[in-house]
Amino acid sequence: MPGPGFGLRVEPFLPSVTLVTRSLPGSYDFPVTAALVAGTRHRVVVDTLIEPADMAPFAGATLVVYTHSDWDHCWGTAAFPGVPVIGHRLTRERLTAPEADEALAQMRAANPAAFANSQVVPPDLTFSDRLTIDAGGLTVELHHLPGHTADSAVVHVPELGLLLAGDAVETPIPTLSEPGHIRRWAASLRQWSRAGVRHVVPGHGRPGGPELLAENAAYIERLAEAAEAGLERGQSVEEMAAALPLTALLPAASVDQLPPYYRQQHRENIAQIVAELKAERTAR
Ligand SMILES: [Zn+2]
């Protein structure tokens with residue numbers, strides 16, 4: 001159903017869980033999703049999207065948690081003045097750094113309408129490995145899952161078999177934003193795929209089941225194998241990308257329909273895994 005913000009879609013997802021999805025500014029086919037988990041003690045918002053208007057469907061929330069510090073997941077928090085915000089220690093570090101406000105200023109200058117009311121709101125409360133919230137009838141567990149970014153976390157609601165994955169899971173393919181934890185990320189996704197989760201909500205793309213975890217893990221593992229072999233042969237990133245096109249990893253018909261972002265991102269993903277493998281080799 002159309003919501004109050006730009007292209008906002010509100011979706012009752014599970015009992016006590018509502019999703020809100022919108023498009024990124026300037027893009028009609030690139031969605032980003034946030035969630036509300038409503039317990040009897042706490043109404044917990046997981047990510048606040050891009051501007052406060054995106055959060056109108058979640059009015060009355062009593063807690064905000066972040067999956068990571070990327071702008072499309074946390075710039076709407078000003079919708080909840082006085083509400084405690086929880087995030088990873090590194091998310092707080094990133095959102096209190098001057099670069100966070102500079103990024104908002106730059107994007108606002110380029111597109112004033114889209115970001116007029118956006119604000120950088122760092123977490124008040126942080127965790128390192130794991131944090132458990134008793135929301136009343138529902139448990140909201142935050143688990144650090146570095147990979148997409150070093151500060152990434154997933155949100156598990158065990159009573160519902162639900163994993164709100166932030167950008168640790170993305171359909172059709174994950175975005176490897178930075179080297180450092182990419183292989184560990186794939187291993188964590190494999191663990192979660194065997195943890196009895198029934199519903200997986202990606203930060204970008206349609207929700208699904210545990211197969212999304214296995215599919216993202218398999219994609220990262222294939223990339224890591226190809227990059228390892230490519231480095232052995234002295235190949236460039238371009239040569240590796242040519243040898244491992246997206247059509248080799250996804251059904252060809254679906255690749256035709258992908259937003260252009262993912263074709264470009266696939267090449268960038270190879271560059272990031274190559275950077276991680278090179279750093280590992282240097283450290284050896
Ligand atoms: Zn994102």
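**Helices, cores and buried polar residues in a predicted model**

Me: In which helix is the place of His73?
Reply: This is a predicted model, in which local features need pLDDT of at least 70 and side-chain atom pairs count only at pLDDT 80 or more, while totals for chains, interfaces and linings use all residues. Residues are numbered from 1 along each chain as its sequence is written, and side-chain values use heavy atoms, with hydrogens and water left out. Helices (H or I, at least four residues) and strands (E, at least two) are DSSP runs, numbered from the N terminus. Residues 71-74 form the helix that holds His73, namely H1.

Me: Is His73 buried or exposed?
Reply: Buried means under 20% relative accessible area, exposed over 50%, and partly exposed in between (1.4 Å probe, protein chains only). Contact means heavy atoms within 4.5 Å; not counting residues up to four places away in sequence, His73 touches residues including Asp47, His68, Asp167 and His204. Because its relative accessibility is 0%, His73 counts as buried.

Me: What is the relative accessible area of Gln265?
Reply: Gln265 lies in helix H9. Leaving aside residues up to four places away in sequence, Gln265 touches Thr175 and Leu176. Gln265 is classed as buried because its relative accessible area is 10%.

Me: Which helix gives the most to the largest nonpolar core?
Reply: A nonpolar core is a set of buried Ala, Val, Leu, Ile, Met, Phe, Trp, Tyr and Cys residues joined through side-chain atoms within 4.5 Å. The largest has 64 residues, and those with the most contacts inside it include Phe58, Trp185 and Ile273. Elements that each supply at least two residues include strand E3 (31-38), strand E11 (162-170) and helix H9 (260-283). With nine residues, the most is given by H6.

Me: How many residues are in the second, separate core?
Reply: Ala35, Val37, Leu63 and Leu164 are among the members of this second core. In soluble globular proteins, nonpolar side chains tend to be buried together. The residue count of the second core is 23.

Me: What radius of gyration does the protein chain have?
Reply: The radius of gyration is taken over C-alpha atoms, and the globule rule is 2.2 Å times the number of residues to the power 0.38. The C-alpha atoms fill a box of roughly 55 × 45 × 40 Å along the principal axes. For 284 residues, a compact globule would have a value near 19 Å; the protein chain agrees with this, at 19 Å.
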